[in-house]
Amino acid sequence: MKRIFLGMLGVALGLSVQAQTKSAADGIAEYRKMLEDGNPAELFEAKGEDLWKKKRGPKNASLEQCDLGKGPGVVKGAWVELPRWFADTRRVQDLESRLLTCMETLQGLNAAEIARTPFGKGEQVTMEALAAWISAESRGMKMALPQAHAEEQRMYQLGQRAFFFRGGPMDFACSTCHGEKDKRIRLQDLPDLRSNPGDGIGFAAWPAYRVSSGEMWSMQRRLNDCYRQQRFPYPGYASDVTIALGVYMGVNAKGAASIAPAIKR
Amino acid sequence: MADPMRIRAQAAGDKATVRVLMSHEMETGQRKDASGKVIPAWFIQEVSAAHNGKVVMTAQWGPSVSKNPFLQFNVKGAKAGDKVSVSWVDNKGDKRTDEATVS
Amino acid sequence: MQTRREMLSRSAGVAAMLAGMGLLPSVAQAAYAQAAFDAKTMADLVKSLGVSAPAENKAVTITGPDIAENGAVVPLGCSTTLPGVKRLLIAVEKNPSMLCALFDVTDAVEANFNTRVKMGQSSNVFAIAIMNDGKVFFAQKEVKVTLGGCGG
Amino acid sequence: MKVNVNANAKKATLIALAGLGAAALVAGCATTADPAGSQALDASFKAMMQASFRDEGIAKVDRLQQDAGQAACSSGAAPAEATAKRIEAESLATVKPPSDGKYLGDWKEGEKLAQSGRGMTWTDKSAASSANGGNCYNCHQLTKAEISFGTIGPSLYNYGKLRGVTDPASPAAKPMIDYTWGKLYNAWAYNACSNMPRFGHKGLLDEKQMQHLMALLLDPKSAVNQ
């Protein structure tokens, strides 16, 4: 009898269920805790690993020789150092942008066409699974984006500008929601992305499995939806503004331990 | 074919806790697509679990189980090294069986 | 019936499943309980399963959050310490159809199952235990489903 | 107590500053140590924004054309005192009273609008104000019943009650009515660069919708004031 009850405690419900008064924030925290054990992102990680190793595309090649910044084929630790400068493309690239490069050069796939594909369709499904697995390979590691190259520094500055840029019919900027500490929209806590918001928060939590839609979202998709809610026009997939924002948020989050792929509302 | 499940089975004391994630849309049949057409129901209807080949649990599900379902249960007497397998069948007849070793 | 037969004949675990057949509780071999999954009320639900009216009982437990951040995924668990339980059900009162999941309990598993369900709105949720002698007991709790951020 | 700011004084400031255009507002904010480097960055920022966005549905790239106020409020820091005053004066000048002279509508309709976070995204079909919600709960507490509220803005629970509004039609309530209408119409009239959308000024909500929101905040019968 006791054992069964203890087993239920293991679901992280705890004795607090009995508590008469509990704040909404506590209730939400309890809900999130219950979801942590069993994150469907795992399903996408497994798929992503297979896709990395599978020979695909016109060149019938795998992505195992893809250089994510730490040398061809090195996946572990790559995620927490992206976006970064790549000498071969002479660009600062984030994970998705870099994957596009590899899919084109190694596998012969059409990067521009993939970038144009709507989220959740065709090769975008591949991208999301790959992002899930690659980020998972850096789980627990600390964000450490390089800032040595002049272009990386310039992209940081551009990202900073984009972050505070107010526009559209509602005058919103990224900073409207993410430019102050301890704020929330409805019941969702908003990380202050002007500095390190802490381990596994903000930039260190994406990609993530979104329970609202049951989809895996990469940082590109997260940013895309931010801009939608900001009432801005549509940011291109892996466009410079999204990469610059990645640099800004990632550099600010220096030292934050990554929990990606996380599970999110 | 459906994507593989993720099954974790962990022994503790005289039982093993099994946690399963299944890859499935679990479409309710009540949603409409952008053009206003009803998206047909598509969901797992039957689930079963076996311990070293012996069925220990069967279940029936409706469309209100969440997308990419999670299931947790405890198998009595299961110990490290034992095999736990889980199967599902959906309303279109698609099916999937995966197995894990208790750790 | 057909789906189960198909599963048995084609799945990877065919041998294992066939071996286990003899040990299955007879009710588990019944066809998909469509009528139960169509039930809109507790009365319809117990009627469709051919059991008696349910009574609240402290030995049955429903677990779930007080507040769900998103109705698409609400973790719920059902369990009981009562001996002689045949089935455990999870149901959501205000869903279009109440019944979410039905578990057949055997001696080889604990009467304790957790899954996640969709909820369209705040509602009472139930764990229902159907006993070998046909008695039915339940536990209930309220789960509030909140509106998400931005509303878009 | 911004509420008590004399409206005539505001008007005077406004007239004095009427000659100052958008350029002055922007210049007031662009203060960095390295003007040359900053100009180069300005140019590449502009190019980046132009290259990165495209039209989608009702959300066209012209939304990136900042008005003078948006430009002045994009530095990441609060605007300088003088700039803030100028923005507030110019914003106050945009506020139009309701054409039918009525300030309060139906608080229940207001509650519906407060709950709705819809409108103006590229997935919304129409940019008409009728398709928009007020987005209020995203940032504010309003009623006791709704526990899912944001905290970007202050709590507005008991808004009218706390401000002593017992009869919205009374002369005593008039300053609060005017202030609240102005705040909804153009929040920058009282708080330059506020995060709050300028609902009337930007045509996000029409008069009727704002009247409903006014009632939600100020009607003694409203759930906000219970």
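A charge is taken to sit over a ring if NZ of Lys or CZ of Arg is within 6 Å of the ring centre and within 35 degrees of the ring normal. The charged end of Arg163(D) meets this description over the ring of Tyr159(D), 4.0 Å from its centre, and that of Arg54(D) does so over the ring of Tyr234(A), also at 4.0 Å from the centre. The model is a predicted one, in which local features need pLDDT of at least 70 and side-chain atom pairs count only at pLDDT 80 or more. Residues are numbered from 1 along each chain as its sequence is written, and side-chain values use heavy atoms, with hydrogens and water left out.

Over all chains, the structure holds 18 aromatic pairs (rings of Phe, Tyr and Trp, the last by its six-membered ring, with centres within 6.5 Å; stacked under 30 degrees between planes, edge-to-face over 60, tilted for the rest). The ring centres of Tyr156(A) and Tyr248(A) lie 5.2 Å apart with planes at 45 degrees, so this pair is tilted. Tyr156(A) belongs to helix 7 (residues 150–164) of chain A and Tyr248(A) to helix 10 (residues 240–252) of chain A, 92 residues apart; helices here are DSSP runs of H or I with at least four residues, and strands are runs of E with at least two. Both tyrosines, Tyr156(A) and Tyr248(A), are buried (under 20% relative accessible area, 1.4 Å probe, protein chains only).

Tyr234(A) and Trp122(D) also form a tilted pair, 4.6 Å centre to centre and 50 degrees between the planes. This pair crosses between chains, from strand 7 (residues 234–235) of chain A to the loop between helix 6 (107–115) and helix 7 (136–139) of chain D.

Definitions and conventions:
Chains are lettered from A and ligands numbered from 1 in the order in which they are written. Buried means under 20% relative accessible area, exposed over 50%, partly exposed in between (1.4 Å probe, protein chains only).
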